[in-house]
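Colleague: Before I rely on the terms used for this structure, I should like each of them justified. Could we go through them in turn?

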Amino acid sequence: EVRSAVFGQCSPIDILPEIPHALKYPEFGKGFNYRWAQNERVVQLRVNVPPATKSKDIQFNIGRTWVEIWVKDEKVPRLQGKLFGRLKCLDEWLWELDGDGDDRHVAVFLDKSKECMWEDLWEKP
């Protein structure tokens, strides 16, 4: 379909195509020291940890809108930030320590408070 517009008399929304869902709401991403993925209900975090890390060395601080993941004896958290959306029940979430060597990581599975895709993992400033 071809549309003609005179400057100032037509909104760009009327003539530009809709942004594809996968570009607007990414299903995965990565940052320094971590990867993440999402679907409508769950966000998954995979945070790299040192190869010798044991489950007792991992500590979590998770709130409705923020997350921190610490490794014992480190001065700063491995992952810290304010999430794009809210989390559901903070009493029920899963995590596992997986991988070997340089691929050693903590995987955390968090339920979203409402079923939707987030535009990003972190809140926009």
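Modeller: The following exchange sets values against their definitions.

Modeller: This is a predicted model, in which local features need pLDDT of at least 70 and side-chain atom pairs count only at pLDDT 80 or more, while totals for chains, interfaces and linings use all residues. Residues are numbered from 1 along each chain as its sequence is written, and side-chain values use heavy atoms, with hydrogens and water left out.

Colleague: How many helices and strands are there in the protein chain?

Modeller: The protein chain has 2 helices and 8 strands. Helices (H or I, at least four residues) and strands (E, at least two) are DSSP runs, numbered from the N terminus. Along the sequence the pattern reads α-α-β-β-β-β-β-β-β-β.

Colleague: Why is Gln44 called buried?

Modeller: Buried means under 20% relative accessible area, exposed over 50%, and partly exposed in between, with a 1.4 Å probe and protein chains only. Gln44 has a relative accessible area of 18%, and is therefore buried. Of the 125 residues in the protein chain, buried residues make up 30%.

Colleague: Which residues does Gln44 touch, not counting those up to four places away in sequence?

Modeller: Contact means heavy atoms within 4.5 Å. With residues up to four places away in sequence not counted, Gln44 touches Arg35, Trp36, Ala37, Ala107, Val108 and Phe109. Gln44 itself lies in strand S3 (residues 42–48).

Colleague: What makes S2 and S3 a pair?

Modeller: Two strands pair if DSSP finds at least two bridges between them. Strand S2 (residues 34–38) and S3 have 5 bridges, in the antiparallel sense; one of the partnerships joins Tyr34 to Val47 in S3. S7 and strand S8 (residues 105–111) are likewise joined by 5 bridges and run antiparallel, and Asp98 has His105 in S8 as its bridge partner. In the hairpin of S7 and S8, with 6 residues between the strands, Gly99 takes a positive phi near 85°.

Colleague: In what order do the 5 strands of the open sheet lie?

Modeller: The order is S1-S2-S3-S8-S7, with antiparallel pairing. Strand S1 (28–31) and S7 are the edge strands, as each pairs on one side only.

Colleague: Which strands form the open sheet of 3 strands?

Modeller: That sheet has the order S4-S5-S6, and its pairing is antiparallel. Its edge strands are strand S4 (58–62) and S6, each of which pairs on one side only.

Colleague: Is Gly85 buried or exposed?

Modeller: Gly85 has 14% relative accessibility and so counts as buried. Gly85 lies in the loop between strand S6 (79–82) and strand S7 (94–98). Not counting residues up to four places away in sequence, Gly85 touches Arg64, Thr65 and Trp118. The C-alpha atoms of Gly85 and Glu123, which are 38 residues apart along the chain, are separated by 7.4 Å.

Colleague: Which residues line the largest cavity?

Modeller: On a 1 Å grid over the protein atoms alone, a cavity is a set of points where a 1.4 Å probe fits but cannot get out; lining residues have an atom within 4 Å of a point. The lining consists of Ile62, Leu87, Lys88, Cys89, Leu90, Trp93, Leu110 and Asp111.

Notes: On a 1 Å grid over the protein atoms alone, a cavity is a set of points where a 1.4 Å probe fits but cannot get out, and a pocket is an open set with protein on both sides within 12 Å along at least five of seven lines; lining residues have an atom within 4 Å of a point.
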